[in-house]
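This report describes how a protein meets a DNA strand and then turns to one helix. Please keep the structure in view while reading.

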Protein chains: 2
Amino acid sequence: MTISEVSKKFDMSPDTLRYYERIGLIPPVPRNKGGLRDYDEDSCGWIEFIKCMRSAGLPIEALIEYVKLFREGDDTIPARLEILLEQREILLEKIASINSTLERLDYKIEFYRSGKMRECENKLNLK
Amino acid sequence: MTISEVSKKFDMSPDTLRYYERIGLIPPVPRNKGGLRDYDEDSCGWIEFIKCMRSAGLPIEALIEYVKLFREGDDTIPARLEILLEQREILLEKIASINSTLERLDYKIEFYRSGKMRECENKLNLK
DNA sequence: GCTTGACATGGAGTTAACTCCAAGTGTTAT
DNA sequence: ATAACACTTGGAGTTAACTCCATGTCAAGC
């Protein structure tokens, strides 16, 4: 697959795909005789994986480290596991934080809808 | 309260507090005779509110708009409600995305722990 | 009166994560 | 064979959200 095909398939810009490759966020992509990228199954798998992780906000830095370890072989499994566990914790915290903000948002939305703002804004310290 | 007290109370740097004020993310903070910030109840309420919203990732731009509308009075309640509803949707999407990444992460963690990676890495396209 | 220390301001610098650009190359269509 | 076009690279530019810095002021202690 060419870079523009992959770009459409995953809805990511060619620039982002090249950027991810050059910083080591995905392993080097195979090239054809002309030097153009020719994405195979494996490359696509990496892109899909990275896209998923990035969509949840995992930092690029942690993912680069993970990819680097992956490419070093099975000896790095404990280190990879540690990265995953660490990021898992961070995601749990993120969800907790979003949930509490959501509750607050819902509460405010209810107030705005019920037109009860006037008497509550100051008393209840609602912003 | 002085800026350093507020800084400790909310665990935010004085620079961030001043930054928030100058971009309009919080209304102007009252000053004492010497021109130093003297945070009152209301200012602290805004900071706490903004901190909560930012912790969930609401963009500063949207919050500035919300604060601006708030300060313009009750006529802007519908517009404010719209911002809140829009951001609520975004948070729901964010949670969904994080949850699906979490599932994937848990699955991988289980694999790494069970030592079954060798036979699965390539077949199942696990990265 | 002088120094110290917290705080003020405007503006520059930083970081993460892209995004864009200029100059060059290889394949395809006419 | 020449033009068009997708792609290449290295490097510069952008955006969001801070963070830092130089310079200046004011209040308090010695």
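## The surface near DNA strand C

In this predicted model, helix H2(A) contributes five residues to the surface near DNA strand C, and this is the most that any element gives. Three helices each provide at least two residues of this surface: H2 (14-22) of chain A, and both H1 (3-10) and H2 (14-22) of chain B.

By residue class, the surface near DNA strand C contains seven charged, six nonpolar and five polar residues.

## The nearest residues and their contacts

There are 18 residues around DNA strand C, and those that come nearest are Tyr20(A) and Arg54(A) from chain A, with Arg18(B), Arg22(B) and Arg37(B) from chain B. Of the atoms of DNA strand C that come within 4 Å of the protein, 71% belong to sugar and phosphate.

Which parts of DNA strand C do the arginines of chain B approach? An N or O atom in the side chain of Arg18(B) is 2.9 Å from a phosphate oxygen of the strand. Arg37(B) also approaches a phosphate oxygen, but through a polar backbone atom, at 2.7 Å. In the case of Arg22(B), a polar side-chain atom lies 2.8 Å from a base oxygen.

## Helix H5 of chain A

Helix H5 of chain A covers residues 77-114, which is 38 residues. Because a helix is expected to span 1.5 Å a residue, H5(A) should extend over 56 Å; the C-alpha atoms at its ends are 55 Å apart, in agreement with that expectation.

Gly115(A) comes just after H5(A) and adopts a positive phi of about 70°.

Conventions
Residues are numbered from 1 along each chain as its sequence is written. Chains are lettered from A and ligands numbered from 1 in the order in which they are written. This is a predicted model: local features need pLDDT of at least 70, side-chain atom pairs count only at pLDDT 80 or more; totals for chains, interfaces and linings use all residues. Side-chain values use heavy atoms; hydrogens and water are left out. A residue is near a molecule or strand if one of its heavy atoms lies within 4 Å of it. A polar contact is a pair of N or O atoms within 3.5 Å; within protein, one must be able to donate a hydrogen and the other to accept it, and residues adjacent in sequence count only if both atoms are side-chain atoms. Helices (H or I, at least four residues) and strands (E, at least two) are DSSP runs, numbered from the N terminus. Ala, Val, Leu, Ile, Met, Phe, Trp, Tyr, Cys and Pro count as nonpolar, Asp, Glu, Lys and Arg as charged, and the others, Gly among them, as polar. The expected span of a helix is 1.5 Å times one less than its number of residues.
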